[in-house]
Amino acid sequence: MSETSAQALHGALAAELRAAQGVAHVNVRAWAERASITHDTIYRILNGKRPVTVVELVTLCRAIDDDPLELLGRAAKRAGLDLVDDVDEVVRSDRARLALEAAGLWGNLDEAYTKARSALSKTGHLLSLREWRAFVDGAGSHSLVVALADFLEVPADYLLGRTPEDEAQRIDAQLGFAKSMRSFGVTQIAARSLDELEPEEMATVESAIRALIDKEEGPRS
């Protein structure tokens, strides 16, 4: 992306706040009074002059009876980012390993990375070593997992931990079968298959924003 994920998200949040203002039929001065935030601050947020803070986001949403997490979700979708429920990274890592095993790529992850990078480059995705390691660890971004799912011929929702349990079990079995067949020398197998706010409220929204950005760019060091 030409912008960082944080910049894209803040821009989308400003757009969604403008949209929410329209739905609520409230002008900025009235909104400022309800939220106890200066109207100049709100103007600057709505016009993208500065990013909205978690406290401001929750306060502004509550002042017009909107849900901050729902607004965050809409903004993420607008920005083309993925806001997903936290899925146990162990689950995702296990599924990544099974998919790689089924494809005969687990034994040598350096070689697997080279092959994956080459395949993804043909679709315009420059796969970095950091991204590859994140995928193997079960912490890859949505866009990365989708790209690698195609390479591994496995449903992306499965690797993201989104498939229903019965479907996940079916895919587990298919991949396990493919892995077993490879051990017998059968190699041509497709695997496809935010001091009035409650701390919990602040923490939930802040955690969601951090998780969203981290999933796209990786945790800050």
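Q: A helix here is a DSSP run of H or I with at least four residues, and helices are numbered from the N terminus. With that in mind, in which helix is Glu16 found?
A: Keep in mind that this is a predicted model. Helix α1 covers residues 5–24. Residue 16 falls inside that stretch, and the helix that holds Glu16 is α1.

Q: Is Glu16 buried or exposed?
A: A residue counts as buried under 20% relative accessible area. Glu16 has a relative accessible area of 9%. Leaving aside neighbours within four places in sequence, Glu16 is in contact with Leu71, Arg74, Ala75 and Arg78. Since 9% is under the 20% cut-off, Glu16 is buried.

Q: How many helices does the secondary structure of the protein come to?
A: Let's read along the sequence: the pattern is an α repeated from start to end. There are zero strands. The number of helices is twelve.

Q: Where do the buried residues of α2 lie around the helix?
A: Helix α2 runs over residues 28–35, and Val28, Trp31, Ala32 and Ala35 are buried in it. An α-helix has 3.6 residues a turn, so residues three or four places apart point the same way. Seen down the axis of α2, the buried residues fall within an arc of 100°, so they line one face of the helix. The face turned away from this buried side carries the exposed residues Arg29, Glu33 and Arg34, while the buried residues of α2 keep to an arc of 100°.

Q: At the start of α2, which residue has a side-chain oxygen that reaches the backbone nitrogen of Arg29?
A: Look at the spot where α2 begins, at residue 28. There, the backbone nitrogen of Arg29 has a side-chain oxygen within 3.2 Å. That oxygen belongs to Asn27.

Q: What is the phi of His25, which is not a glycine?
A: Most residues other than glycine have a negative phi. His25 lies in the loop between α1 and α2, and at 72% relative accessibility it counts as exposed. Its phi is positive, at about 55°.

Q: In which loop does Ser36 lie?
A: Ser36 comes just after α2 and takes a positive phi of about 60°. Its relative accessible area is 69%, and Ser36 is exposed. The next helix, α3, covers residues 39–46. Ser36 therefore sits in the loop between α2 and α3.

Q: Which helix gives the largest share of the largest nonpolar core?
A: In soluble globular proteins, nonpolar side chains tend to be buried together. In this model the largest nonpolar core has 29 residues, and those with the most contacts inside it include Trp132, Phe135 and Leu148. The elements that give two or more residues to it are α6, α7, α8, α9, α10 and α11. The largest share, six residues, comes from α9.

Q: Which residues does Phe135 touch, not counting residues up to four places away in sequence?
A: Phe135 is among the residues with the most contacts inside the largest nonpolar core. Its position, 135, lies in α8, which covers 129–136. Phe135 touches Ala96, Leu100, Gly140, Leu144, Val145, Leu148, Leu152 and Leu159.

Q: How far apart are the end C-alpha atoms of α6?
A: Helix α6 has 14 residues, and at 1.5 Å a residue they should span 20 Å. The expected span is 1.5 Å times one less than the number of residues. The distance in the model agrees, because the end C-alpha atoms are apart by 20 Å.

Methods: Residues are numbered from 1 along each chain as its sequence is written. This is a predicted model: local features need pLDDT of at least 70, side-chain atom pairs count only at pLDDT 80 or more; totals for chains, interfaces and linings use all residues. Side-chain values use heavy atoms; hydrogens and water are left out. A nonpolar core is a set of buried Ala, Val, Leu, Ile, Met, Phe, Trp, Tyr and Cys residues joined through side-chain atoms within 4.5 Å. Buried means under 20% relative accessible area, exposed over 50%, partly exposed in between (1.4 Å probe, protein chains only). Contact means heavy atoms within 4.5 Å. The arc is that of the directions from the helix axis to the C-beta atoms. A polar contact is a pair of N or O atoms within 3.5 Å; within protein, one must be able to donate a hydrogen and the other to accept it, and residues adjacent in sequence count only if both atoms are side-chain atoms.
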